[in-house]
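Q: Please take a close look at the second largest pocket. What lines this pocket, and what surrounds it?

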Amino acid sequence: MVKNNDAMGWDLPTHKQQKLISAQCTAHKAVWETTGLNVEVGKLLFTAPDETQYFECKLTDEFSRQLQEFPVPAWAQQKVSKISLVDPFNTEQDHWVNGINLITLREAYNQLD
């Protein structure tokens with residue numbers, strides 16, 4: 001999850017999908033450009049009412065899997081203030097930015113291995 005400099009709550013990395021790029025590649029690009037983390041994009045978990053698709057993403061290196069908080073890369077610092085793994089069951093709806101439905105997020109979290 002990320003906290004953006006202009007928002008109080010948690011958010012998920014997102015990107016507008018381009019016509020020639022798959023939704024999975026768009027998800028990978030969103031995570032990389034927002035966090036600097038390389039992830040393996042898995043199955044589609046859900047599609048939000050605004051048509052944003054959310055995918056299962058797994059960290060690809062052992063070191064990153066051991067962390068809970070991550071440094072914000074220099075290129076993302078203008079927009080992102082914090083990157084962290086957050087258990088959606090230890091948060092409340094008002095901890096998230098508008099548009100993130102915590103119930104749907106929790107249901108998706110339960111689908112993960």
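A: Start with helix 1, which gives the most to the lining of the second largest pocket, with 3 residues. The model is a predicted one. This pocket has a volume of about 210 Å³. It is lined by 14 residues, and those closest to its centre are Asn 4, Thr 14, Thr 34, Lys 79 and Val 80. Strand 1 (2-4) and helix 1 are the elements that give two or more residues to this lining. By class, the lining splits into 7 nonpolar, 4 polar and 3 charged residues.

Now Thr 14. It is found in the loop between strand 2 (10-11) and helix 1 (23-35). Thr 14 counts as partly exposed because its relative accessibility is 42%, in between the limits of 20% and 50%. Leaving aside neighbours within four places in sequence, Thr 14 is in contact with Ala 30, Thr 52 and Tyr 54. Its C-alpha atom is separated by 8.8 Å from that of Lys 29, 15 residues apart along the chain.

Tyr 54 leads on to the interior. It is among the residues with the most contacts inside the largest nonpolar core, which has 13 residues. Strand 3 (39-47) and helix 3 (102-110) are the elements that give two or more residues to this core. Helix 3 gives the most, with 3 residues.

Next, the largest pocket. About 1300 Å³ of space lies in it. It has 42 lining residues, with Leu 12, Pro 13, Val 31, Phe 55 and Cys 57 the closest to its centre. Strand 4 gives the most to this lining, with 7 residues. The classes here are 25 nonpolar, 9 polar and 8 charged residues.

Note on methods
Residues numbered from 1 in each chain as written. Predicted model: local features only at pLDDT ≥ 70, side-chain atom pairs only at ≥ 80, totals over all residues. Heavy atoms only, no water. Helix = DSSP H or I, 4+ residues; strand = E, 2+ residues; numbered from the N terminus. Buried < 20%, exposed > 50% of the residue type's maximum accessible area, 1.4 Å probe, protein only. Contact = heavy atoms within 4.5 Å. Core = buried A, V, L, I, M, F, W, Y, C linked by side-chain atoms within 4.5 Å. 1 Å grid on protein atoms, 1.4 Å probe; cavity = no way out; pocket = protein on both sides within 12 Å on 5 of 7 lines; lining within 4 Å. Points joined across faces, edges and corners; volume = space filled by probe spheres on them. Nonpolar A, V, L, I, M, F, W, Y, C, P; charged D, E, K, R; others polar.
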